[in-house]
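I opened a fresh notebook page for this one and went through the model element by element. Here is what I looked up, in the order I looked it up.

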Amino acid sequence: MDTQPAGGQHPRPTPRVVVGILRAVRGWLIAVTGGVLLFGCYLGVSAETDPGRQLPYFVSGGLGGLALVFLGSALLVADQIDAAAKARGRLDRQVDDLHTLIVAAASAPAPATPTTVADPAAGGQDDGGLFAVPAGRTYHRRTCEMIASKPAQPVDSAQIAARGLTPCTICEPKPAA
């Protein structure tokens, strides 16, 4: 944000949008003024047939108008370049912040997730017990990948029959006797 004095008080922030609009209006106003001078030059030159009388119109209106059009265009382009540079700076800061967060997350230890089913990689043995997720429709072995991170609970043959559970097609548990 830019700052501007406010009636002898401390400088107060001016929103970027207002500053951007004022800069754009400034550039367009200068360019349009140059266009008006060029049009006046054209009207003055076209009304005179003597080249000696056309020269003052050309010098004052033509060259001045052309200079103002170029100046207004240059201001508009400079404002666009400045806005792009500021946006690039903001983007660079956001990328740096994101990189810092990713590095911090990658170096942080993974939180332990409690599971009710033994993890086969942790040395869990398949003792023939059957497990099912409370809202599930299949039953599994203790070491099945499908229930590794889910809150599975042990089930017996009566619960399997009552809930209408079917065997998992991945771990292919033996039907409860």
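**Entry 1: the segment after β6.** I started with T169, which lies in the segment after β6. The model is a predicted one, so I read every value here as computed. I found T169 exposed, because its relative accessibility is 71%. I then looked across to T138, which is 31 residues away from T169 along the chain, and got 8.9 Å between the two C-alpha atoms. E172 also sits in the segment after β6. Its backbone caught my eye: E172 has a positive phi of about 45 degrees, yet it is not a glycine. I checked cover too, and E172 counts as exposed because its relative accessible area is 56%.

**Entry 2: the sheet.** In what order do the strands of the open sheet run? I read off β5-β3-β4-β6, four strands with mixed pairing. The edges are β5 (153-155) and β6, each of which pairs on one side only. Next I looked at β3 (residues 130-132) and β4 (residues 138-141), and found them paired in the antiparallel sense over two bridges. For L130, I noted R141 in β4 as the bridge partner. A reminder to myself: strands of a sheet pair through backbone hydrogen bonds, either parallel or antiparallel.

**Entry 3: helix α1.** I took the span of α1 next. Its 32 residues reach 47 Å from the first C-alpha to the last, close to the 46 Å expected at 1.5 Å a residue. Which residues of α1 are buried? My list reads V19, G27, A31, G34, C41 and G44. I looked closer at C41, which is buried because its relative accessible area is 9%.

I also looked for nonpolar surface, and found a patch of about 400 Å² made by V17, I21, V25 and L29. L29 has its place in helix α1, residues 16-47. L29 counts as exposed because its relative accessibility is 56%. The spacing in the patch made me jot down a general point: an α-helix has 3.6 residues a turn, so residues three or four places apart point the same way.

**Entry 4: cysteines.** How many disulfides does the model have? The count came to zero. I checked C144 by hand: the nearest cysteine sulfur is that of C171, 3.7 Å away, and C144 is in no disulfide. The cut-off is 2.5 Å between sulfur atoms, so that pair is not counted. C144 is buried, because its relative accessible area is 3%.

**Entry 5: salt bridges.** I counted five salt bridges. The one I spent time on joins D82 and R23, with the closest N and O atoms 3.3 Å apart. This pair links distant parts of the chain, D82 in helix α2 (residues 51-107) and R23 in helix α1, 59 residues apart. D82 also bridges to K86, at 3.6 Å between the closest N and O atoms. D82 and K86 both lie in helix α2, four residues apart, about one turn of the helix. I therefore drew R23, D82 and K86 as one network of salt bridges.

What about cover in this network? D82 is partly exposed at 30%, R23 is partly exposed at 29%, and K86 is partly exposed at 41%.

My last lookup was the bridge of R53 with E48, with the closest N and O atoms 4.0 Å apart. R53 is exposed at 55% relative accessible area, whereas E48 is partly exposed at 22%.

Note on methods
Residues are numbered from 1 along each chain as its sequence is written. This is a predicted model: local features need pLDDT of at least 70, side-chain atom pairs count only at pLDDT 80 or more; totals for chains, interfaces and linings use all residues. Side-chain values use heavy atoms; hydrogens and water are left out. Patches are made of residues with over 30% relative accessible area and no salt bridge: like charges are joined within 9 Å, nonpolar side chains (Val, Leu, Ile, Met, Phe, Trp, Tyr) within 5 Å. Accessible areas come from the Shrake-Rupley method with a 1.4 Å probe; for residues, only the protein chains shown count as cover. A salt bridge is a side-chain nitrogen of Lys or Arg within 4 Å of a carboxyl oxygen of Asp or Glu. Buried means under 20% relative accessible area, exposed over 50%, partly exposed in between (1.4 Å probe, protein chains only). The expected span of a helix is 1.5 Å times one less than its number of residues. Two strands pair if DSSP finds at least two bridges between them.
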